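Here are some short exercises to work through with the model open beside you. Try each task before reading its solution.

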Amino acid sequence: MATNWGCSNIGTNSLKLLLIGPKRTGRSSVGNTLLGRHAFETWGGASTTIVHGISEGRQLTIVDTYGWGPEENSIPRREKLELFSALSLCDPGPHVLLLVLPLLQFTKSERTALQRRMELLTEGVWRHTMVVFTLGDRLQGQTVQECLQGGGEHLEWLLTKCRYRYRVLNNKATQDRVQVSGLLDRMEDMLMENGEWHFSLHMYRRLEEEWSRREKEIVERKERRDEKKQTCQRRLAMLNSNDGLLKVVSHG
Ligand SMILES: Nc1nc2c(ncn2[C@@H]2O[C@H](COP(=O)(O)OP(=O)(O)OP(=O)(O)O)[C@@H](O)[C@H]2O)c(=O)[nH]1
Ligand SMILES: [Mg+2]
């Protein structure tokens, strides 16, 4: 696999990763496993942190975000601020967002909480998102596929959203570099699939605005056409009734 991260639109050879996910799912540990050293604190509650390093011959910039809580409707202000500040550290944007979740049941409320956070980043963010399941050491004889197959409809929804881009990590085995190479290769493939484009919130927001402007135009055009049609039909009905009256008068 090629290891050239040169992106024509970025002009850098460093792969920028943004670690996102709920609190205590193993985001910082994933950063540490990737770098092969204790670069991020795992005691809990740390805010946005950026670390540069080399991993398996690849130059990485990893931004670890503040984890989100269970709120499903309104997202706390601090969470939003931390998320946008993390994004700005990846300027002009991360190549890959690693959504870190434990290899456990994925519930409806976890899905809603996730959806609300991803909505802040537009629908386009899913193109650049890959799931990293932690707790790979708890598979207990099951294969990853077996474990995911029994994961239920919400997990199925998530995997579809991410186009089945996922990896399982055991963060307790940081010396296992095969799992790290596998993850880096998968990210590299994903970057190629995206034409080497990084995630740009600014660009996706503008695209969404453009789409909703066009949709509005289509609806308005249809409304104008329907109105015209109705006016024509009313006129025709009037003409027909006048025609009937004339016939009555002339025959009478
Ligand atoms: N057994 C096991 N424990 C893990 C794994 N990954 C993380 N942990 C543990 O889970 C706890 C949380 O890990 P962190 O990496 O700090 O998780 P985080 O998402 O960064 O947590 P916050 O920043 O506090 O939200 C730590 O005690 C880790 O040792 C894993 O793959 N297997
Ligand atoms: Mg952390």
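**Exercise 1: Two unusual backbones**

Leu135 sits in the loop between S5 and helix H4 (144-149); helices (H or I, at least four residues) and strands (E, at least two) are DSSP runs, numbered from the N terminus. This is a predicted model, in which local features need pLDDT of at least 70, side-chain atom pairs count only at pLDDT 80 or more, and totals for chains, interfaces and linings use all residues. Residues are numbered from 1 along each chain as its sequence is written, while chains are lettered from A and ligands numbered from 1 in the order in which they are written.

Task: find the sign of phi at Leu135 and at Thr122.

Solution. Start with Leu135: its phi is positive, about 65 degrees, although Leu135 is not a glycine. Leu135 has 18 C-beta neighbours inside 10 Å, so it counts as partly exposed (buried means 20 or more other C-beta atoms within 10 Å of its own, exposed 12 or fewer, partly exposed in between; C-beta atoms are placed from the backbone).

Next, go to the loop between helix H3 (108-120) and strand S5 (129-134), where Thr122 is placed. Thr122, not a glycine either, has a positive phi of about 75 degrees. Thr122 is partly exposed, because 18 other C-beta atoms lie within 10 Å.

**Exercise 2: A peptide bond**

Task: is the bond from Asp91 to Pro92 cis or trans?

Solution. First locate Pro92 in the loop between helix H2 (77-89) and strand S4 (96-102). Then read omega for the bond from Asp91 to Pro92: with a value near 5 degrees, the bond is cis.
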